[in-house]
Amino acid sequence: MLHLITLYFEELVEYCVIILEFIGLIVLMWSALKNVWGLCMRDPHVRLSLAEGIALALEFKLGSEVLRTVIVRQTSELVILGAIILMRAALTFLIHWEIRNEKM
């Protein structure tokens, strides 16, 4: 019984990870398309808008990676996942720093 619950839980987590990754992809693509249009229209805030879109997409991607840690079984997987989380967190931090500087 416990084994069956574990299997269902892992499946649920995998589906949630896929959904979060997909939402991050949609947010990134929407932001890119919107800002390409803004660039063509010579919008002066295109850089700020693109950075905010990328930051939001990275938040969804980071959320999926954190959720993926729930089903990690081996230490090597955890190390790789931790490195990915650190890189995405660093990117998010840098983008938020850029947004804050752009708004000043």
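A salt bridge here is a side-chain nitrogen of Lys or Arg within 4 Å of a carboxyl oxygen of Asp or Glu. By that rule, this predicted model has eight salt bridges. The close-ups below visit some of them, plus a few other spots.

**View 1. R47 and E98 pair up across two helices.** Let's start with a salt bridge between R47 and E98, whose closest N and O atoms sit 2.5 Å apart. This pair links distant parts of the chain, since R47 belongs to helix α2 and E98 to helix α3 (residues 75-103), with their positions 51 residues apart. How exposed is E98? With a relative accessibility of 25%, E98 counts as partly exposed. As a bit of background, side chains of opposite charge can pair when their charged atoms come close.

**View 2. K103 meets E52.** Here's another salt bridge, this time joining K103 to E52, with 3.5 Å between the closest N and O atoms. K103 is in helix α3 and E52 is in helix α2, so the pair ties together parts that are 51 residues apart in sequence. K103 counts as exposed because its relative accessibility is 57%, a value over the 50% cut-off. E52, at 34%, is partly exposed.

**View 3. A closer look at the surroundings of E52.** E52 sits in helix α2, which covers residues 46-68. Which residues does E52 touch, leaving aside those up to four places away in sequence? The answer is I99 and K103. Now look at E102 as well: E52 and E102 are 50 residues apart in sequence, yet their C-alpha atoms are 11 Å apart in space.

**View 4. E65 and R88, part of a salt-bridge network.** E65 forms a salt bridge with R88, and their closest N and O atoms are 3.3 Å apart. Once again distant parts of the chain are linked: E65 is in helix α2, R88 is in helix α3, and they are 23 residues apart. Is E65 buried or exposed? E65 counts as buried, because its relative accessibility is just 3% and the cut-off for buried is under 20%. The pair also has company, as E21, K61, E65, R68 and R88 are linked in a network of salt bridges.

**View 5. A nonpolar patch on the surface.** Time to leave the charges behind. F22, L25, I26 and M29 form a nonpolar surface patch, and together they have about 390 Å² of accessible area. One of these residues, I26, is found in helix α1, which runs over residues 2-40. I26 has 44% relative accessibility, so I26 counts as partly exposed.

**View 6. R42 in the loop.** Next stop is R42, in the loop between α1 and α2. What is special about its backbone? The phi of R42 is near 60°, a positive value in a residue other than glycine. For context, most residues other than glycine have a negative phi. R42 also counts as exposed, because its relative accessibility is 74%.

**View 7. Two cysteines, C16 and C40.** How many disulfides does the model have? The count comes to zero, where a disulfide would need a pair of cysteine sulfur atoms within 2.5 Å. C16 counts as partly exposed because its relative accessibility is 31%. C40, at 55% relative accessibility, counts as exposed.

Note on methods. Residues numbered from 1 in each chain as written. Predicted model: local features only at pLDDT ≥ 70, side-chain atom pairs only at ≥ 80, totals over all residues. Heavy atoms only, no water. Buried < 20%, exposed > 50% of the residue type's maximum accessible area, 1.4 Å probe, protein only. Patch = residues over 30% accessible without salt bridge, like charges linked within 9 Å, V, L, I, M, F, W, Y side chains within 5 Å. Areas by Shrake-Rupley, 256 points an atom, 1.4 Å probe, with all protein chains shown as cover. Helix = DSSP H or I, 4+ residues; strand = E, 2+ residues; numbered from the N terminus. Contact = heavy atoms within 4.5 Å.
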